[in-house]
Amino acid sequence: MIELNNLTFAFKGKVNTFEGITLSLSKGEVLCVLGPNGVGKTTLLKTILGLYQPTNGYCHIEGIDGRRARLAYIPQAKRINFSYTVLDFVSFGRPLCGKLLASPEAKDIEKAQQVLSDLGISYLAQKDVNHISGGELQMCYIAKALVCEPDIVVLDEPESNLDFNNQARIINLLYELSKEKTVTIILNTHFINHANFIADKCLLMGRNGYFFGNTKNALQENLLEAYFHVCIKRCPFEHKGEQKESYVIML
């Protein structure tokens, strides 16, 4: 569904932010992008979305049922310049058929209410979007993206500012979207354990290249240490009768 071929990007007059990335992602698969700060993870997401034009190579996104795939982008949350209720803010994520200054219809409001409920934040519906916490605002951005029923969701560190409960809620929701509704997901994250739980494939990005592969192959201790420059150990444990594993940073 998504194919990157030799994808390279550089800002004008600068060295390449990333270079020669080649990978493919099928419908319903989850790709986690991991790496230290400053290696171009956010820039890669924006290039995939078409917000930046690649210096070399290409990104191809396959259509669905004779139409273009619907993409939703969830950036790191920022305050907005207008005063809306959370319900209005989320409903603006619905397609409005290209009508200038069109207002959400009753069905759009209903869908927004459903998404807020799914995320467990219905209590925010009538609050001013600028008078809620940073974590609550991040949840609202996620709701605004999901309300358009996208085929592809691209997220830039969605766990930012979220407590453990909301982190778990978001990661579980994304997992359900990929497995039950075959939504394709690209997730930029610093949480290796989240990638281990949700990802089908992982892309490790560093200053001197990248590694792409299935999650088991990508999340090897030696690779993680090489890309993050810190000792990371994989620790097996048992949970509810099942054998699982967790990644621990050795300080």
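Which residue forms a salt bridge with E221? The legends below describe close-up views of a predicted model, beginning with that pair.

**View 1. Salt bridge between E221 and K233.** The partner of E221 is K233, and the closest N and O atoms of the two are 3.9 Å apart. E221 belongs to helix 8 (residues 221-228) and K233 to strand 10 (residues 232-239), so the salt bridge ties together parts that are 12 residues apart in sequence. E221 has a relative accessible area of 27% and is partly exposed. K233 is also partly exposed, with a relative accessible area of 36%.

**View 2. Salt bridge between R234 and E245.** In this pair the closest N and O atoms are 3.9 Å apart. R234 lies in strand 10 and E245 in strand 11 (residues 242-249), 11 residues apart, and the pair links distant parts of the chain. R234 counts as partly exposed at 27% relative accessibility. For E245 the relative accessible area is 33%, which again makes the residue partly exposed.

**View 3. Salt bridge between E242 and K244.** The side chains of E242 and K244 meet at 3.5 Å, N to O. E242 is partly exposed at 46% relative accessibility, and K244 is partly exposed with a relative accessible area of 35%. Elsewhere, R94, D108, K111 and E149 are joined into one network by salt bridges that share partners. The count of salt bridges comes to 9.

**View 4. Surroundings of C140 in helix 4.** C140 lies within residues 134-146, the span of helix 4. Its relative accessible area is 0%; because buried means under 20%, C140 is classed as buried. Leaving aside neighbours within four places in sequence, C140 is in contact with V86, F89, V90, I121, L124 and I132. The C-alpha atoms of C140 and A77 are separated by 8.7 Å, while the two residues are 63 residues apart along the chain.

**View 5. Nonpolar surface patch of F82, Y84 and F92.** Together, F82, Y84 and F92 have about 290 Å² of accessible area in this patch on the surface. F92 is placed in the loop between helix 2 (86-91) and helix 3 (106-118). With a relative accessible area of 32%, F92 is partly exposed. Patch members need over 30% relative accessible area, and F92 has 32%.

Technical notes. Residues are numbered from 1 along each chain as its sequence is written. This is a predicted model: local features need pLDDT of at least 70, side-chain atom pairs count only at pLDDT 80 or more; totals for chains, interfaces and linings use all residues. Side-chain values use heavy atoms; hydrogens and water are left out. Patches are made of residues with over 30% relative accessible area and no salt bridge: like charges are joined within 9 Å, nonpolar side chains (Val, Leu, Ile, Met, Phe, Trp, Tyr) within 5 Å. Accessible areas come from the Shrake-Rupley method with a 1.4 Å probe; for residues, only the protein chains shown count as cover. A salt bridge is a side-chain nitrogen of Lys or Arg within 4 Å of a carboxyl oxygen of Asp or Glu. Helices (H or I, at least four residues) and strands (E, at least two) are DSSP runs, numbered from the N terminus. Buried means under 20% relative accessible area, exposed over 50%, partly exposed in between (1.4 Å probe, protein chains only). Contact means heavy atoms within 4.5 Å.
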